[in-house]
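This report goes through a single protein model. The sequence and structure come first, followed by selected loop positions, the domains, the core and the ligand shell.

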Amino acid sequence: MPPCVSPASPCIDTLIVGGGLAGTLLAFELARAGQRVRIVDSGVETASSHAAGGLMNPLTGPRLSPLPDLMDRCAAARAHYDRLSQQLGHPLVSALPIVRICRDARERERAIELAHPCRGAWTDSPVASGFTAPFGAFRIDHGWRLDLNALCSAAGRRGNAGVQVDAGAFDWRRVSAQPAPPRWCGQRVGAVVSCEGVAALGNPFWQGLPLQPDGGESLILRMDLDLHEAVSAGVTLVPLGLRRYWLGATHQPGQFSSRTTVAGRTALLRKLATQLAAPSDIEVIGHRAGTRVAAPDREPLLGRHPRWPWLWIFNGLGSRGILRAPEAAEQLAARMTHGAPLANPMDVARYAIRPGAP
Ligand SMILES: Cc1cc2nc3c(=O)[nH]c(=O)nc-3n(C[C@H](O)[C@H](O)[C@H](O)COP(=O)(O)OP(=O)(O)OC[C@H]3O[C@@H](n4cnc5c(N)ncnc54)[C@H](O)[C@@H]3O)c2cc1C
């Protein structure tokens with residue numbers, strides 16, 4: 001990082017609060033544009049990015065209704081991660097076919113009628129070894145998995161262009177509402193971006209944003225199955241290699257998951273058991289909880305604070321963060337570095353901040 005030259009210029013161009021998926025992608029994007037970037041992350045166990053399976057499943061939900069421009073969005077997100085993989089010298093993405101098992105007759109009907117390039121071959125026989133599929137199943141093409149842990153821990157590693165990471169919690173209550181940005185570790189800062197996930201709900205500067213929580217839990221299992229595809233049937237089993245699997249996720253709309261629960265673990269294992277043809281030896285080797293946050297229109301939330309020009313936000317990635325985050329990070333970085341306009345549906349300006357917030 002070049003030294004701070006003039007007494008008036010910032011030593012840190014952008015301080016990013018939160019080093020999950022949003023903060024990490026934004027940091028790399030700003031650094032690519034030549035900024036000196038610092039991330040501060042409190043390392044909370046319940047960050048959404050730690051609980052996530054990293055799966056980019058193009059066809060989710062019981063309705064099987066694809067997002068508009070889905071194929072273009074998938075390709076653009078994939079290209080973003082592939083570019084980062086090259087930059088970091090570490091493959092972050094691997095192709096992962098997904099087998100979707102229909103849960104009931106209605107879902108089967110919808111799936112049979114669905115005409116979409118992601119809707120792969122149909123099968124009435126058991127698809128993945130060890131699973132039952134009484135209502136049939138089909139392959140979902142164009143799925144992939146992002147190694148989220150590798151991505152988030154890559155920021156700050158020596159040589160990773162211009163991004164530095166500090167462990168610690170940024171205390172917003174100590175930031176006085178003022179036209180100039182706060183200092184960080186005694187250094188002048190140009191801009192501060194809140195990439196705090198669910199913690200943004202407690203951020204005094206952003207009170208009133210309609211961020212809706214959806215608590216969730218996931219498990220890491222060791223199982224005697226040899227799957228090379230993800231299997232989705234109400235819960236999703238994602239192979240991690242060496243007979244380890246990610247199993248997720250529970251959804252608790254309107255609620256926070258601030259810790260793992262016996263109820264969450266039981267619900268996940270019970271759902272899995274109903275899909276397995278025969279009881280299998282399952283060892284739970286990990287258990288995570290996290291809270292997704294989304295705006296009511298399910299679009300990411302990004303942009304500048306209406307009152308404090310040094311303050312920005314990047315949040316609202318919801319349950320499709322892996323697909324939505326790259327485009328959002330690119331847009332926000334372009335806005336911050338050369339004033340490019342944000343796409344309307346993502347601009348935080350569509351929601352009002354509560355009067356009285358700093
Ligand atoms: C169980 C579960 C499974 C999921 N599975 C998938 C999936 O398979 N595919 C998919 O696309 N999406 C999935 N998601 C959603 C995905 O995880 C999110 O969209 C995405 O990770 C959100 O990233 P984020 O950076 O906005 O938030 P987070 O990952 O929550 O990161 C916020 C970070 O900010 C830090 N922080 C907060 N406040 C402060 C502070 N004051 N000072 C310093 N640091 C602070 C926290 O420590 C944390 O690291 C899943 C979510 C859950 C809960």
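## Glycines in loops

Gly-43 counts as exposed, with 10 C-beta neighbours inside 10 Å. A residue is called buried if 20 or more other C-beta atoms lie within 10 Å of its own, exposed if 12 or fewer, and partly exposed in between, with C-beta atoms placed from the backbone. Gly-43 sits in the loop between β2 and α2; helices (H or I, at least four residues) and strands (E, at least two) are DSSP runs numbered from the N terminus. From Gly-43 to Asp-281 the C-alpha distance is 33 Å, at a sequence separation of 238 residues.

Gly-162 belongs to the loop between α5 and β9. Gly-162 is partly exposed, with 18 other C-beta atoms within 10 Å. Its C-alpha lies 18 Å from that of Cys-195, and the two are 33 residues apart in sequence.

## Basis of the model

The model is predicted: local features need pLDDT of at least 70 and side-chain atom pairs count only at pLDDT 80 or more, while totals for chains, interfaces and linings use all residues. Residues are numbered from 1 along each chain as its sequence is written.

## Other loop positions and backbone geometry

Leu-242 is not a glycine, yet has a positive phi of about 55 degrees. Leu-242 lies in the loop between β13 (235-241) and β14 and is exposed, with 6 other C-beta atoms within 10 Å. Arg-298, also not a glycine, has a positive phi of about 65 degrees. Its place is the loop between β16 and β17 (301-304), where Arg-298 is partly exposed with 15 other C-beta atoms within 10 Å.

Gly-248 and Ala-249 are joined by a cis peptide bond with omega about -5 degrees. Ala-249 is in the loop between β14 (244-248) and β15 (252-253). Ala-169 is in the loop between β9 (163-167) and β10 (189-194); with 12 other C-beta atoms within 10 Å, Ala-169 is exposed. The C-alpha atoms of Ala-169 and Trp-144 are 33 Å from each other, although 25 residues separate the two along the chain.

## Domains and their contact

The protein is divided into domain 1 (12-50 + 149-211 + 296-350) and domain 2 (85-142 + 212-294), with bounds from an automatic or database domain assignment. Taken over C-alpha atoms, the domain centres are 29 Å apart.

In the contact between the domains, 18 residues of domain 1 meet 16 residues of domain 2; a contact requires C-beta atoms, placed from the backbone, within 7 Å. On the side of domain 1 that touches domain 2, α2 and α5 (148-154) are the elements that give two or more residues. The largest share there, 3 residues, comes from α5. By class, this side has 8 nonpolar, 9 polar and 1 charged residues. Here Ala, Val, Leu, Ile, Met, Phe, Trp, Tyr, Cys and Pro count as nonpolar, Asp, Glu, Lys and Arg as charged, and the others, Gly among them, as polar.

## Nonpolar core

The largest nonpolar core has 93 residues. Such a core is a set of buried Ala, Val, Leu, Ile, Met, Phe, Trp, Tyr and Cys residues joined through C-beta atoms within 7 Å. Ile-16, Leu-26, Ala-27, Val-193, Leu-247, Ile-313 and Phe-314 have the most contacts inside this core. Domain 1 and domain 2 both give residues to the core, so it lies between them.

Leaving out residues up to four places away in sequence, Leu-247 touches Ser-218, Leu-219, Leu-221, Val-235, Leu-237, Leu-268 and Leu-272.

## Ligand shell and α7

The ligand is surrounded by 42 residues, each with its C-beta atom, placed from the backbone, within 6 Å of the ligand. The closest are Gly-18, Gly-20, Ser-49, Gly-197 and Gly-321. The shell divides into 18 nonpolar, 19 polar and 5 charged residues. Both domains give residues to the shell, so it lies between them. Elements that each supply at least two shell residues include α1 (21-32), β2 (37-41), β11 (212-223) and α7 (321-338).

α7 has 18 residues and spans 25 Å from its first C-alpha to its last. This is close to the expected 26 Å, calculated as 1.5 Å times one less than the number of residues. Its buried residues include Gly-321, Ile-322, Leu-323, Arg-324 and Met-336. Just after α7, Gly-339 takes a positive phi of about 70 degrees.

Definitions and conventions. Two residues are in contact if their C-beta atoms, placed from the backbone, lie within 7 Å.
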